[in-house]
Amino acid sequence: VRYFDPDAIFISDQIGISKPNPKIYSTALRAMELQASQAMYVGDNPLNDVVPPAELGMVTVWARRASKQQESPRPPTHEIWSFGELREILRRDYGVEISGRDSSAAAT
């Protein structure tokens, strides 16, 4: 739990709103007291994981690794082919440093 706050994980079945309903993203933003521009959503389905959060103004990352779609109906902020690329985007574009795998992260 080193990188993720358990209170910042929103599971559609638990809150009763399914993707691509934008209310799931709005609910998470309100709960975290964030503006849309302060949040990033990473997902592999452009229709469910890029379009709705982008329409709210969130930063979007399309993880193309598993996607069979050639294009997203709405361009994401970033595209990645592996989650390793996300570390560089966070560092370069947002000033967020995430160290490599270490024993304390693996133990939590």
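This is a short dialogue on reading a predicted model.

Reader: Where do I start? How many helices and strands does the protein have?

Author: Start with the secondary structure. The protein has five helices and three strands. Along the sequence, the order is α-α-β-α-β-β-α-α.

Reader: What share of the residues counts as buried?

Author: Of the 108 residues, 29% count as buried. The accessible surface of the protein is about 7200 Å². Carbon and sulfur atoms hold 51% of that surface.

Reader: Which residues make up the largest nonpolar core?

Author: The general idea comes first. In soluble globular proteins, nonpolar side chains tend to be buried together. Now the case here. The largest nonpolar core has seven residues: I17, I24, Y25, L29, A36, A39 and M58. A second core, separate from that one, has six residues, including A63, I80, L86 and I89.

Reader: Which residues of α2 are buried?

Author: In α2, the buried residues are I24, Y25, S26, A28 and L29. They pack against α1, β1 (40-43) and α3 (46-56). Take I24 as one example. Leaving out residues up to four places away in sequence, I24 touches S12, I15, I17 and K19.

Reader: What follows α2?

Author: E33 follows α2. The phi of E33 is positive, near 55°.

Reader: How do I read a loop residue? Where is P20 found?

Author: Place the residue, then check its exposure and its contacts. P20 sits in the loop between α1 (12-15) and α2 (23-32). P20 counts as partly exposed because its relative accessibility is 41%, and the band for that label runs between 20% and 50%.

Reader: What is P20 in contact with, beyond its neighbours within four places in sequence?

Author: P20 is in contact with Y25, L47, N48 and P52. Look at N48. It is 28 residues from P20 along the chain, yet their C-alpha atoms are separated by 4.5 Å.

Reader: What part do residues 24 or more positions apart play in the contacts of the protein?

Author: Count the contacts with a separation of 6 or more. Residues 24 or more positions apart account for 30% of them.

Reader: Now the outside. Which residues make a nonpolar surface patch?

Author: F4, I9 and I11 make a nonpolar patch of about 310 Å² on the surface. I11 lies in the segment before α1.

Reader: Is I11 buried or partly exposed?

Author: I11 is partly exposed, because its relative accessible area is 39%.

Conventions. Residues are numbered from 1 along each chain as its sequence is written. This is a predicted model: local features need pLDDT of at least 70, side-chain atom pairs count only at pLDDT 80 or more; totals for chains, interfaces and linings use all residues. Side-chain values use heavy atoms; hydrogens and water are left out. Helices (H or I, at least four residues) and strands (E, at least two) are DSSP runs, numbered from the N terminus. Buried means under 20% relative accessible area, exposed over 50%, partly exposed in between (1.4 Å probe, protein chains only). Contact means heavy atoms within 4.5 Å. Accessible areas come from the Shrake-Rupley method with a 1.4 Å probe; for residues, only the protein chains shown count as cover. A nonpolar core is a set of buried Ala, Val, Leu, Ile, Met, Phe, Trp, Tyr and Cys residues joined through side-chain atoms within 4.5 Å. Patches are made of residues with over 30% relative accessible area and no salt bridge: like charges are joined within 9 Å, nonpolar side chains (Val, Leu, Ile, Met, Phe, Trp, Tyr) within 5 Å. A salt bridge is a side-chain nitrogen of Lys or Arg within 4 Å of a carboxyl oxygen of Asp or Glu.
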